[in-house]
Amino acid sequence: MPLLDHLRELRTRVVKMALALAAGMTAGFVFFGQAWHVIQRPLCAATIRGYTGCRELGVNQLVLNGPLDAFYLRVKVAVIVGVIISSPVWLYQLWAFVAPGLYAREKRWGFIFLGTAIPLFGIGITLCYLSLGRSMHYLLGLTPGGVKNLIQVDQYMSFVMAMMLAFGLAFELPLLIIMLNLAGILTHERFRKWRRMILFAVFLIAGIANPSPDPITMLILGGGCAILVEVAEFIVWYNDRRRARLHPDPYAGLADDELAPIDLEDTDTRDGSLN
């Protein structure tokens, strides 16, 4: 395909993604009340100094500072809702733009990747949302006496989005391990040698990626990723066994000073002559 045709194709995909995002944002504006209730619930459901529900001023109260902040808040919530609702559309458009340049085997891997990445990302976000209440209780519970908490909405939303992004991306690690194995880069033997270091790195990354210093949240994130890594190890082990059964290594089991078997007739057939 010529370069201009590639650019036209890219323009078509981008327009479709923009239209899907705009439709999702419209839904976000229409259902702003329900979406905002879901976003603020982890904070308002946490018990701080015996108060819940974001009703006690200075305990767990969200505030806006400027006259335009309320409008910006609605726009940000609409963008978040739009990205989530339209994710199947823009993910497919990205895939449709890349797919024509891939081989059939690579396309199959890509479908597996897309079909698994989205549920794993959703599981990570869901687990993050369920643990946000505990994080709010721990963090705001550290406030000393005589100090009030007036939390800016922008800072709270940034914290929530960072937590969800950290959980969602962390749950993609097992999928990356499997894809490296399917590509022939990572074998189970190599994985087994580095298994302890990989699990240690999982908890280390969980501690770094987690914006909250809450140890319970870090253990939830690290423990969930560790379980998925164990599942990925089993899949890598099974795939290596299947690959070895279908395509046995002719050099396996040979000593260092032993010659490998060579089929002379096959060599003559392929090369035409044997020198």
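Start your tour by selecting helix 2, helix 3 and helix 4 (87–98): the buried residues of helix 1 pack against these helices. Keep in mind as you look around that this is a predicted model.

Now add helix 1 itself, residues 3–30. Which of its residues are buried? Pick out Arg 13, Ala 20, Gly 24 and Gly 28. Next, try the distance tool on the two end C-alpha atoms of helix 1: they are 41 Å apart, which agrees with the 40 Å that 28 residues should span at 1.5 Å a residue.

Next stop: the core. The largest nonpolar core has 47 residues, and Trp 36, Leu 43, Val 77 and Tyr 156 have the most contacts inside it. Several helices each supply at least two residues of this core, among them helix 2 (32–44), helix 5 (104–140) and helix 10 (215–246). Which helix gives the most? Color helix 6, which contributes nine residues.

Zoom in on Leu 43 and show its neighbors. Leaving aside residues up to four places away in sequence, Leu 43 touches Cys 54, Asn 60, Leu 62, Met 136, Leu 140, Ile 151 and Tyr 156.

Then move to Met 163, which sits in helix 6 (residues 153–170). Is Met 163 buried or exposed? Met 163 counts as buried because its relative accessibility is 0%. Select Ile 125 as well: 38 residues separate Met 163 and Ile 125 along the chain, while their C-alpha atoms are separated by 8.3 Å.

Finally, color by pLDDT. The chain mean is 78, with 80% of residues at 70 or more. Among the elements, helix 3 has the highest mean, 89, and helix 11 (residues 264–271) the lowest, 50. Where pLDDT is low, avoid reading the predicted coordinates in detail.

Note on methods:
Residues are numbered from 1 along each chain as its sequence is written. This is a predicted model: local features need pLDDT of at least 70, side-chain atom pairs count only at pLDDT 80 or more; totals for chains, interfaces and linings use all residues. Side-chain values use heavy atoms; hydrogens and water are left out. Helices (H or I, at least four residues) and strands (E, at least two) are DSSP runs, numbered from the N terminus. Buried means under 20% relative accessible area, exposed over 50%, partly exposed in between (1.4 Å probe, protein chains only). A nonpolar core is a set of buried Ala, Val, Leu, Ile, Met, Phe, Trp, Tyr and Cys residues joined through side-chain atoms within 4.5 Å. Contact means heavy atoms within 4.5 Å. pLDDT is the predictor's confidence in each residue, from 0 to 100. The expected span of a helix is 1.5 Å times one less than its number of residues.
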